[in-house]
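Let's walk through this one together, strand by strand, and then take a quick look at the cysteines. Have the viewer open as you read.

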Amino acid sequence: MLNQEIRSLKPERLWHYFAEILEIPRPSKKEEKMIAYLKKFGEEHHLETIVDETGNVLIRKPATKNMESRKGVILQSHMDMVCEKNSNIDHDFDKDPIIAHIEDGWVKANGTTLGADDGIGMAAQLAILEADDLVHGPLECLFTMDEETGLTGAFGLKKDLLNGEVLLNLDSEDDGELFIGCAGGKDTIVEFALDTEPANTQLSCFEIQLSGLTGGHSGDDIHKGRGNAVKLMNRVLWECTHKYDIRVALFNAGNLRNAIAREAMAVIAVPKMHVKEVEEELKRFSKIFQNEYKVTEPSLKMKASSATMPEKWMTKSLQMRLFNALYAAPHGVIAWSQDIPDFVETSTNLAAVKFDENRILVTTSQRSSVTSAKHDIANAVAACFILAGADVKHTDGYPGWTPNPHSAVVDLTNNVYTELFNEKPKVLAIHAGLECGLIGEKYPEMDMISFGPTIKGAHSPDERLKIDTVDKFWKLTIEVLKRI
């Protein structure tokens, strides 16, 4: 049996289900195995189970005796996970299980994302649905699909599916923090036509690798001063182009729209008269980056090696237009909240650059708790690339979740946390996107809160789940259910 070490943790049933979830491939937009698992679970436990047209799964459990008149509660998490791995790890997220281990009080995976975001929320739901010794009113467990790349499940949720009046979103990542609002977001997608010309085989060819960056969640971690592999590699290429007339055949960096880019590679050709100068330039930049990011990126590495000369490379015109646009495009925190101390209001993430046969695709995402500011920063990003001659499109985006200062479930959860753990939690908004914004649009009277155990490094292979906070998360959830 896989992940046996994880199954031995307490609370036993929650960790049992988390270990089972680790074995089920569930990349975004490919959750069919998870849907089948949940459907089978509901049917085996003789619970009403619905799979809607979008692929969301809803499992209903009747109230315990004498609790039938209580408010109906919805427990909600998402099925999919971010699939990131280190480049030296051989792992197929479409079919391979996640293998986890315990290290210094944390559960971690081996060079891949763990999927605690939001596998631990699902595990809590399943443990509650299975249990016959818990007290609660009418209960609905909603498992949404494709939260990470498109909020597809929340977008497709019908307005007449849910009966409950209170929603507990189990997709937050900091013990001791209760979330009552979130940022809205949208993506700005950029496409350059890949104009090329035959390569000059008289030049020397190198492959540059930038690695060891921390990456992380483009909402939760955007303010932490971490390096962005797209920006750093582009900085090197821009400078070498101006000084030594290098030519670039390939530039790939980053991966997912909601993750800070961790790795980058480029294939460059250098005039033979400048080979040693370029080699020195790369060493110089390596030292510069290690100095600039000595606190946030202690593992940053950049190396160059000989490469086979490609058949073609970008035209000079495209090369300069791309590099200028990437240099000018903003990344990071754009504005801090004027209402909430130390809270990021608006940000943008320069997520990825990908070359394929006929185009260069640049992926970016923008977030803000102020709708007008979200559109403004998306337009600013678009303008950088429009000036460079690229085609630019915006996604429709998703709404934020406006805090409710009169929320009964927030007051209740705050009091329960304080009683259970003898400390007051922080009540906050979150810069990441949560499905609560979309659910609140469709169910405007829904009283909502979001909480969870501590997860660090989400959306990166450094993702880890703090074991002792999972027990607190469990106790808090079942006690809140008991009192609603």
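What follows starts with two paired strands, moves out to their neighbours, and ends with the sulfur atoms.

Keep in mind that this is a predicted model. A good place to begin is strand 17, which covers residues 344-355. Eleven of its twelve residues are buried, so the rest of the structure largely encloses strand 17. Strand 18, at residues 359-368, is mostly covered too, with eight of its ten residues buried.

How are these two strands connected? A hairpin of three residues takes you from strand 17 to strand 18. They pair antiparallel, with nine bridges between them. If you want to see the register for yourself, pick out F355, which sits opposite I360 in strand 18. Then find L350, whose bridge partner in strand 18 is T364. As a reminder when you look at side chains along any such run, a regular strand alternates them between the two faces of the sheet.

Now step outward from strand 18. Strand 9, residues 184-193, runs antiparallel to strand 18, and ten bridges join the two. One pair to click on is G184 with S368, its bridge partner in strand 18. So strand 18 has strand 9 as a partner as well as strand 17.

Going back to strand 17, there are further contacts to trace. Strand 16, made of residues 332-336, runs antiparallel to strand 17 and is joined to it by four bridges. Here A335 stands opposite T346 in strand 17. Strand 12, at residues 247-254, also pairs with strand 17 in the antiparallel sense, this time over two bridges. For that pairing, look at A253, whose bridge partner in strand 17 is V353.

That leaves the cysteines. A disulfide is a covalent bond between the sulfur atoms of two cysteines. How many disulfides does the model hold? Counting pairs of cysteine sulfurs within 2.5 Å, the total comes to zero. Take C240 as an example: the closest cysteine sulfur belongs to C205 and lies 14 Å away, so the two are too far apart for a bond.

Is C240 buried or exposed? With a relative accessible area of 1%, C240 is buried. C83 is a case where the cut-off matters: buried means under 20% relative accessible area, and C83 has 18% relative accessibility, so C83 counts as buried.

Methods
Residues are numbered from 1 along each chain as its sequence is written. This is a predicted model: local features need pLDDT of at least 70, side-chain atom pairs count only at pLDDT 80 or more; totals for chains, interfaces and linings use all residues. Side-chain values use heavy atoms; hydrogens and water are left out. Buried means under 20% relative accessible area, exposed over 50%, partly exposed in between (1.4 Å probe, protein chains only). Two strands pair if DSSP finds at least two bridges between them.
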